[in-house]
Amino acid sequence: MQIVETTNEGLKRAYTVKIPAKDIAAKIDGEVAKITPQVRMPGFRPGKVPANLVRKMHGPALHQEALNTTVREAMDKLLADHKLRPAMQPEVSLGEGYEEGKDAELSVAVEVLPAITVPSFEGLALEKLVVEVAEAEVDEQVSRLASGAKSFTDAKKGKKAETGDQLIIDFVGKLDGVEFEGGKAEDAALEIGSGRFIPGFEEQLVGTKVGDEKTITVTFPADYPAENLKGKDAQFDITVKAVKVAGETKIDDEFAKNLGLESLEQLKGLLRGQIEQELAGLTRTQMKRALLDQLAAGHDFDVPPSMVEAEFGQIWAQLQQEAQNEEDPAAAMAEIEAEKEDYRRIAVRRVRLGLLLSEIGQANGVEVSGQEMQMLVAQAAQQYRPEDRQRFAEYISQDPLAAAQLRAPLFEDKVVDFLFDKAEVTERKVSREELQAAIEAEEAAEPAAKPAKKAAPKKAAKAEEKPAKETKAKAEKPAKKEAAPKAEKAERKPAAKKAPAKK
């Protein structure tokens, strides 16, 4: 086998690989010897079919399998001999004019991962902003629960409905005088001011009383789930059957018992714990961003363009999807188009930080254990039907790329925790408002973040959230003699092995 490097520019490499015809022929002979004992043919005893007849019967398929195997072995040798760490799957193509009996010439293009110096943790300092739970916040949560659990009783005869009252109504919705599906209900409970009905519906019922019949006109939101109603004006014929007023919910032990708890103190303890968890999450977000800002400021190496394009593609797809849900999709698209290069720089930062975190983790023995991986698979499988969960687990076990994507968020968190342990951390008590202001300030200061007029979407703004994907170079089996498909599709499984459809 002859390997010649044709390109070595930055992170891009290209090679020609010549595979002698005799190597492919030897593989075919091996395939013939392997399948001959299983071949059945009239006139011959099982396993006694002559090799030349086996070759004649299955020649094209045997040649294809031998070629595929030889190409895979050639790629493994190329990567090993040249100590290449591919950023993405290499592109492999078979030279034109190849046919059985001739040497096979491959063209290989690959982007490699940059050489990254694992940083020293000496001098790494972080400030941890800590918020203590205020009793007023706990009391506010209790009051919210009590508000949601309030009961209603019939109002005095003739009372006109006000905000906060509950109406029992029948209604029929129409578009251009014609009833539409799902627009009719009887004895529907509506609390005026709750915002549970479409905008403008509840407000027009203020002042009504029992026995009133009223027709109102409302406009369905542009993002309403039903396509036939989006942005449409509709009329609703309404009959008011009852007006009810809210009773006062007393916040005491009895209230807590109605929620299945033993006492009001226990309820407050549970709510306090939830708030503590929320604040701890905010503190971690603030520390993580500060950590990644330090890492980004101290490292500026080239990143593989293919990885940047893949990352940018994900960011851009989400931005486009979000733009379509805006009131004016065209204006939203124009806005993100104007800031396209900002998002591309965010993709570069995300890839660079992902590669750096990956390198730090590997250099320091950070890993996701087999037990942790099993838990990740079990959690992810919950989004599928029970009968498909085992098939999903098999799919993950057979597809290295899918497994890497599932593993990546936990691996990143473990690397971040490792760095937290290495850093000199000082605590400072702040208010919730100060903590959130610090997070927003770090987000605004992040390179290439969107202008302050509109916050960047989660995926774009949080450049630190996604570590580099694990890569594994394998040449795919050529579909035809003329050309081998791109190796980036090498690990695609047959239909029966794909992840099952989600619920």
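How many bridges join strand β9 (residues 213-219) to β10? There are 7 bridges between β9 and β10, and the two strands run antiparallel.

## Basis of the description

The model is predicted: local features need pLDDT of at least 70, side-chain atom pairs count only at pLDDT 80 or more, and totals for chains, interfaces and linings use all residues. Residues are numbered from 1 along each chain as its sequence is written, and side-chain values use heavy atoms, with hydrogens and water left out.

Helices (H or I, at least four residues) and strands (E, at least two) are DSSP runs, numbered from the N terminus. Two strands are taken to pair if DSSP finds at least two bridges between them.

## Strand pairing

Strand β10 (residues 233-246) has several antiparallel partners. Besides β9, strand β7 is joined to β10 by 9 bridges in the antiparallel sense, and strand β6 (residues 152-154) by 3 bridges, also antiparallel. Individual positions give the register: T215 has D237 as its bridge partner in β10, I169 stands opposite V240, and T153 is partnered by V245.

Strand β4 (residues 104-111) pairs in the antiparallel sense with strand β2 (residues 12-19) over 8 bridges. Strand β3 (residues 91-94) also pairs with β4, antiparallel and over 4 bridges. S107 of β4 is the bridge partner of T16 and also of S93.

## Salt bridges

Across the whole structure, 33 salt bridges are found, each defined as a side-chain nitrogen of Lys or Arg within 4 Å of a carboxyl oxygen of Asp or Glu. Accessibility is graded as buried (under 20% relative accessible area), exposed (over 50%) or partly exposed (in between), with a 1.4 Å probe and protein chains only.

One salt bridge lies between the side chains of D237 and K174, with an N to O distance of 3.1 Å. This pair links distant parts of the chain, D237 being in β10 and K174 in strand β7 (residues 166-175), 63 residues apart. D237 is partly exposed at 28% relative accessibility, and K174 is partly exposed at 25%.

Two further pairs connect helices. D293 forms a salt bridge with R349, their closest N and O atoms being 2.9 Å apart; D293 belongs to helix α5 (residues 264-298) and R349 to helix α8 (residues 340-363), 56 residues apart. Here D293 is partly exposed at 24%, whereas R349 is buried at 8%. The side chains of E372 and K414 also meet in a salt bridge (2.9 Å, N to O), which links helix α9 (residues 370-381) to helix α11 (residues 400-422) across 42 residues. E372 is partly exposed at 24%, as is K414 at 25%. In addition, R284, K288, E412, D413 and D417 are linked in a network of salt bridges.

## Helices α3 and α10

Helix α3 (residues 135-148) has 14 residues and reaches 20 Å from its first C-alpha to its last. This is close to the expected 20 Å, the expected span being 1.5 Å times one less than the number of residues. The buried residues in α3 include E137, V138, V142 and A146.

In helix α10 (residues 389-398), the buried residues are F392, Y395 and I396. Seen down the axis of α10, these fall within an arc of 95°, so they line one face of the helix; the arc is that of the directions from the helix axis to the C-beta atoms. Q390 and S397 are exposed on the other side of α10. The cover over its buried residues includes α9 and α11. Leaving aside neighbours within four places in sequence, I396 is in contact (heavy atoms within 4.5 Å) with M373, V377, A402, A403 and L406.

## Nonpolar cores

A nonpolar core is a set of buried Ala, Val, Leu, Ile, Met, Phe, Trp, Tyr and Cys residues joined through side-chain atoms within 4.5 Å. The largest has 51 residues, of which L291, L295, Y343, I360, I396 and L419 touch the most other members. At least two residues of this core come from each of α5, α6 (305-324), α7 (329-338), α8, α9, α10 and α11. The largest share, 9 residues, is supplied by α8.

Apart from this core lies another, of 24 residues, among them L11, L67, V71 and L94.
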